[in-house]
Amino acid sequence: MTKAIGRRRPDTYIRMSDAGYDHAAVERRWQEAWDDEDAYRTPDDVEDPTYVLGMYPYPSGKLHMGHVRNYTITDAYARFRRMQGDEVLHPMGWDAFGLPAENAAKERDTNPRDWTFDCIDTMTDQMESMGFGYDWDREIATCTPEYYQWNQWLFSRFHEEGLVERRDAEVNWCEDCGTVLADEQVEGEDELCWRCGMPVEQRELEQWFLRITEYADELLEDIDDLEGWPNSVRQMQRNWIGRQFGTELEFQVAGHGSVEAFTTRVDTIHGATFFALAPDHPISEELAEADDDVHRFVEHEADPEGDEPNGVATDLTATNPVTGEEIPVYVADFVLSDVGTGALMAVPGHDERDHAFATKMDEEIKPVIAPKPDDWDGETVPDAPDVSEEAFTDDGVLVNSGEYSGLESETARERLTADIDSAAESTQYQLRDWGISRQRYWGTPIPVVHCHDDCGAVMVPEEDLPVELPEFINTTGNPLDEAEEWKRTTCPDCGGDATRETDTMDTFVDSSWYFLRYVSPDADDVPFDLERANDWMPVDQYVGGIEHAVMHLLYSRFFTKVLADYEGLEHREPFENLLAQGMVQLEGEKMSKSKGNTVSPQRIVEEYGADTARLFMMQAAQPERDFDWSEEGVRSTYAFLSRLQEMVDGYVSDDPEGEDDAIASYVDAEIDATIAIASGEYDELTFNRALRETQDLTRTLRQYADYAEPHAETYERGLSAVVRLLAPVAPHLAEELWHELGYDGFVVDAEWPTAQVDRDYVAKRRRLVQNTREDIRDIVEVAGIEDPEAIDVVVAPDWTYDALEIAIESDADNLIGELMQESHIREQGDAAASYGQDLQAEREALSMTLGPDDEHAALESAAWLIEREFDAPVSVVHAEEADDSVLTNAEPGRPAIEIED
RNA sequence: GCGAGGGUAGCCAAGCGGCCAACGGCGGCGGACUCAAGAUCCGCUCCCGUAGGGGUUCGUGGGUUCGAUUCCCUCCCCUCGCACCA
């Protein structure tokens, strides 16, 4: 099969098979051909295409293996759906705003725009060299005014609907650089600026917020319906939103009026023995001015990060609204100002953290909830538990709680919330409003001007959009602050002097709706064509990294819901099915530049070709699992493709003239089997299994051609099936071979092969053949047969199949009696009785096999495999042609075997 | 601590009530081809067995079932996410 390509040199050999096929030429040829024909264009008038999308990349300048995996998955799936006859939308674009471009521009003394577009150019080339079939006419780059004007427009619309707010927020501030830093740019425990190394401080700045909390309930509740999403992601979003039902109520603090506290356990209120305030609670700050101890604690000792609960006593007392008791007030660092109300009633008997603090401060620990007794009558007040060593935190029955004693926790909560004047049911969320202000240049300018008179912050009117970025200025702080001319403007309301807002938007704004822009990327009067979006959305299959489980995916869901409420979008969820793809690792470790253990896709493409890289990745593991990159695996994948090429070459150059015999029918059945299985696996995105089947079929075809002169039609059917089954993953070589096999048009447009058989039938047939072969091997081995002369395979008699069927369907106690009612079974005498006993013994475990004729046919067509292996003639016979003595071992699914030596 | 997902033969890894001594790959062993090597192909790879048999296995210990790798509970370990969350 192999052809010598190399010349023999004096003292080296060229490894023949390693020469492989000319992947570079093949890939270039088909990339050009696709390009010439606009093969991946999705016209605007298609109806409800299958929308397949990979998370668009940040244009860092180089495609890495993670990208390659991500986009190979979407590309393979898109191609598969297309070959199945779907219209497909498979676009690509660039998450082109962001800090790295700004930093790169500063370092290289260029500007972010040029740098970004350079990166986009190289990455586009790399994507094309991977053979990804994108509709490049729909390409978007978020850093163009054509795109970001719609961020601004959406911001205004959100504002009109009351979903934008401007308020103070704490940010990381580096005085030296004069800028705000993202959390990840603050380094180490000392909180130093990543750039200048100076300490970072917290500063209150006016920031713009999108009120995502307005949608908290819907975002949470709709997670239940996202059945096409991985559980892990759904759970992470639930946690992130963090909804809690509880009670808000007031404690009177002497001299400070009423203080609001939130609790989920108002049933424990009789056990509240102290009250605690966050160090940055307004009362704490007030106290700190007068009380040295509090001052010292708030400024120096409080350590919210530490494990140990610390606090300081105050002179104040709070009044328990139920008992009227005066309890001491502490300022404590385990109370967080952004959780609940920043103030809490502490119940050490029933909360672990309160317990620890009470023990430390020697405060009273009082049991007010007892575990519900197993035999509880619903009235009697149980004995109070001992909570001196450990808090009892479960729900139970109230004790030591006056008139509420004897109630269950749940009931008590409802009653107390109703009875206490200042109390009301309250729902708390962990989700905060989304602060989108970034003190950066390379982002969407927030379309607001600040009036020098009294108009305040005023939206830039729609007709004045976009607010375009001015030229980049290389400076330490925010370049927009230095863009004096750009900043100077007039107030849209009063016409007076005004200054532009210099904050830009978080780039997650860009990515929260980009999937809608692909629908109509050139629309210049709307962000997206509504009618088409309603038809084309949602994204049918979204693929990307797990790192976006919360932020990007939550923000996109939020935007989609807002657009549904105010812009007529008829979908409330953007992504129907989500696949979080696994990592590409090297020796069990994540590839990373800093560790220096990366594998360059470009090198792999040069050495082995894009098809090899893609095929290796897709067959190595299920898409959601991590897997190890292996050069060994890549080489063997490449060898596989080379061999396939040789097989097709061989077939085309000399037409085989074999018979349509039993072997051909075996091969034919295997072709059907492979198609049936691989199609199902492609549908489930388990490419690894689909490809394993496809490679198995390729091997079967080779074995066939090695063993016999193949029947041309069968062999060709096999090759053309393999080529098409491989086409989604190895598109270039598939085009090449498709063409070589004599088909017109692209394989991307070819019809997916079809098979008549179902998977269950296939599985039964394969199992029969495999079991039979194994049995023969066992016998030969155990009996020590050196050199078999002849092998007989005898299918069980027809009546055994009938008996099996009766046994499966029967629910009679006495199966043998039931069997014997059939005269043709009864006639078998002892044999029937004996088989009947076997059936009776395994009654519950029986399952239907193929029928006797199907079994015969399956074995006959597989006989060549046995002949080839044992080098002995094999005859497959029906029971009636065999001697009775041979038949004793024959059962449905298990033929009798007779070996002559 | 809470939540999610896992723990399967030397390694990686499928299976998720009977077809399971358990798919597939790697590694190892033997064979075919070759002058040879590589590549390719065919077997074997828990233990015992001279006709397809038997025994012990799927983190641990229990349970449900005629029957469990598969279902339920306990505990141990791993990975990920959240977390002094009131």
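**Figure 1. Overall view of chain A, with 31 helices and 33 strands.** The model shown in this and the following views is predicted. Along its principal axes, the C-alpha trace of chain A spans about 110 × 80 × 60 Å. The radius of gyration of chain A is 37 Å, whereas a compact globule of 901 residues would have a value near 29 Å. Of the 901 residues, 53% count as buried. The exposed area of chain A is about 41700 Å², of which carbon and sulfur atoms supply 41%. Among contacts in chain A with a separation of 6 or more, 74% come from residues 24 or more positions apart.

**Figure 2. The aromatic pair of Phe158 and Phe559.** The structure holds 44 aromatic pairs. In the pair shown here, the ring centres of Phe158 and Phe559 lie 4.8 Å apart and the planes meet at 40 degrees, so the pair is tilted; an angle under 30 degrees would count as stacked and one over 60 as edge-to-face. Distant parts of the chain are linked by this pair, since Phe158 belongs to helix α5 (residues 145-160) and Phe559 to helix α17 (residues 551-566), 401 residues apart. Phe158 has a relative accessible area of 2% and is therefore buried. Phe559 is likewise buried, at 2% relative accessibility.

**Figure 3. The edge-to-face pair of Tyr682 and Phe687.** The two rings are 5.7 Å apart from centre to centre, with 70 degrees between their planes. Tyr682 counts as buried because its relative accessibility is 0%. Phe687 is also buried, with a relative accessible area of 1%.

**Figure 4. A cluster of aromatic rings that includes Phe158 and Phe559.** Ring pairs connect these two residues with Tyr215, Trp434, Phe508, Tyr555 and Phe558.

**Figure 5. Arginine side chains over the faces of Trp34 and Trp486.** Arg79 is placed over the face of Trp34, at a distance of 5.0 Å from the ring centre. Over the face of Trp486 lies Arg500, at 5.7 Å from the ring centre.

**Figure 6. The surroundings of Ser409 in helix α11.** Helix α11 comprises residues 409-419. Ser409 is buried, with a relative accessibility of 1%. A polar atom of the Ser409 side chain lies 2.9 Å from the backbone nitrogen of Gly396. When residues up to four places away in sequence are not counted, Ser409 touches Arg265, Asp267, Ile369, Asp395, Gly396 and Leu398.

**Figure 7. Gln439 in the loop between β20 and β21.** The flanking strands cover residues 437-438 (β20) and 448-451 (β21). Gln439 has a relative accessible area of 10% and is therefore buried, since a residue counts as buried under 20%. The side chains of Gln439 and Asp503 are joined by a polar contact of 3.1 Å. Neighbours within four places in sequence aside, Gln439 is in contact with Thr179, Val180, Leu205, Gln207, Asn478 and Asp503. The C-alpha atom of Gln439 is separated by 33 Å from that of Asp137, a residue 302 positions away along the chain.

**Figure 8. Cis peptide bonds before Pro466 and Pro538.** The bond joining Leu465 and Pro466 is cis, with omega about 0 degrees. Pro466 is located in the loop between β22 (457-459) and α12 (479-482). Met537 and Pro538 are also joined by a cis peptide bond, for which omega is about -5 degrees. The loop that holds Pro538 runs between α16 (530-536) and β26 (539-545).

**Figure 9. Positive phi angles at Asp362 and Asp871.** Although Asp362 is not a glycine, its phi is positive, at about 60 degrees. Asp362 lies in the loop between α10 (352-361) and β16 (369-370). With a relative accessible area of 69%, Asp362 is exposed. Asp871, also a residue other than glycine, has a positive phi near 55 degrees. The loop containing Asp871 connects α30 (852-870) and β32 (874-877). Asp871 counts as exposed because its relative accessibility is 67%, and the term applies over 50%.

Methods:
Residues numbered from 1 in each chain as written. Chains lettered and ligands numbered in written order. Heavy atoms only, no water. Phe/Tyr/Trp six-rings, centres within 6.5 Å; stacked < 30°, edge-to-face > 60°. Helix = DSSP H or I, 4+ residues; strand = E, 2+ residues; numbered from the N terminus. Buried < 20%, exposed > 50% of the residue type's maximum accessible area, 1.4 Å probe, protein only. Lys NZ or Arg CZ within 6 Å of the ring centre and 35° of its normal. Rg over C-alpha atoms; globule rule 2.2 N^0.38 Å. Contact = heavy atoms within 4.5 Å. Areas by Shrake-Rupley, 256 points an atom, 1.4 Å probe, with all protein chains shown as cover. Polar contact = N/O pair within 3.5 Å; in protein donor to acceptor, adjacent residues only side chain to side chain.
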